[in-house]
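Me: Please take a close look at one part of this structure for me, and explain it slowly, as I am in my first year. I would like to follow the backbone at a single place and then see how that place compares with other parts of the chain.

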Amino acid sequence: MSSSVHNNTGPVQLPEERRFLSASEAAALERELLEEYRFGRQQLVELCGHASAVAVTKAFPLPSLSRKQRTVLVVCGPEQNGAVGLACARHLRVFEYQPSIFCPTRSADALHRDLTTQCEKMDIPFLSFLPAEVRLIDDAYGLVVDAVLGPGVRLAEAGGHCARALATLKRLSIPLVSLDVPSGWDAEAGGDAKDAVQPDVLVSLAAPKSCADRFSGRLHFVAGRFVPDDVRRKFGLHLPKYTGTDCVASL
């Protein structure tokens, strides 16, 4: 039910409070941040990448991991979600994890190039191919971060390289962490498609998308502390409070 407040001209209707955004609402929220609040695209990618890495540290705390489990494969697509994955990998390295990166399709976007350079300068290895034999990935890494596709990016539009990478990821035995929307999922309907991955951990960026209501994995984090309160109220978002200085919250 929507609520109302009063001003000098009478009651003003506020949007119904909810936990999930449709794809169009998520796009509108991002436009609000970029155009009205003058966030930069690189700034948002960096905030989301850092928060995603923090979520990984909360789901898989470094002291609890063996040396092998500290190895993380970050699979980055050519769109904005892939840029977030590159930033996430860099922060994981700072947090003393051992990330490697695989890009099914390299992007010509300047932001992707800059983030790639940063990762290379920090000696984060880039794989030239993703082994088709799943056992090789299971044996080499402790977990995988899925940053292949994001909201509004359909698998058919992403190309065959991304499709083949997702076909491998969905057969893994090691934990899978998806950023924002699990790759292959419809941002509205969820993950019924045969090519959709089923992650153990979901990190919703800014706010959970509608499909997150169907997520049944182990942990769900929201990484949206940077969203101003006025924007949160405008979109009627009712999300858990962030503790202390945390940039992620568990749902």
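Reply: Asp 180 has its place in the loop between β6 (176-179) and β7 (201-205), in a model that is predicted. Its phi is near 70°, which is a positive value in a residue other than glycine. To see what stands out here, keep in mind that most residues other than glycine have a negative phi. As for its surroundings, Asp 180 counts as buried because its relative accessibility is 7%, and the cut-off for buried is under 20%.

A second residue can be set beside Asp 180. Arg 38 also is not a glycine and has a positive phi, of about 60°, and Arg 38 lies in a loop, the one between α1 and α2. Its surroundings are another matter, since Arg 38 is exposed, with a relative accessible area of 64%, where the cut-off for exposed is over 50%.

Arg 38 follows α1, and that helix deserves a look of its own. Helix α1 runs over residues 23-36, so numbered from the N terminus, and its 14 residues reach 19 Å from the first C-alpha to the last, which is close to the 20 Å expected at 1.5 Å a residue. Within α1, the residues Ala 26, Leu 29, Glu 32 and Leu 33 are buried. Seen down the axis of α1, these buried residues fall within an arc of 115°, so they line one face of the helix. What covers them includes α2 (41-59) and α8 (229-234).

A buried residue in a strand gives another view. Ser 100 is in strand β4 (residues 98-102) and is buried, with a relative accessible area of 9%. Leaving aside its neighbours within four places in sequence, Ser 100 is in contact with Val 72, Leu 73, Val 74, Ile 124, Pro 125 and Tyr 141.

Finally, the whole protein puts these places in context. The protein has eight helices and nine strands, and buried residues make up 50% of its 251 residues. Of the contacts in the protein with a separation of 6 or more, 69% are accounted for by residues 24 or more positions apart.

Note on methods
Residues are numbered from 1 along each chain as its sequence is written. This is a predicted model: local features need pLDDT of at least 70, side-chain atom pairs count only at pLDDT 80 or more; totals for chains, interfaces and linings use all residues. Side-chain values use heavy atoms; hydrogens and water are left out. Helices (H or I, at least four residues) and strands (E, at least two) are DSSP runs, numbered from the N terminus. The expected span of a helix is 1.5 Å times one less than its number of residues. Buried means under 20% relative accessible area, exposed over 50%, partly exposed in between (1.4 Å probe, protein chains only). The arc is that of the directions from the helix axis to the C-beta atoms. Contact means heavy atoms within 4.5 Å.
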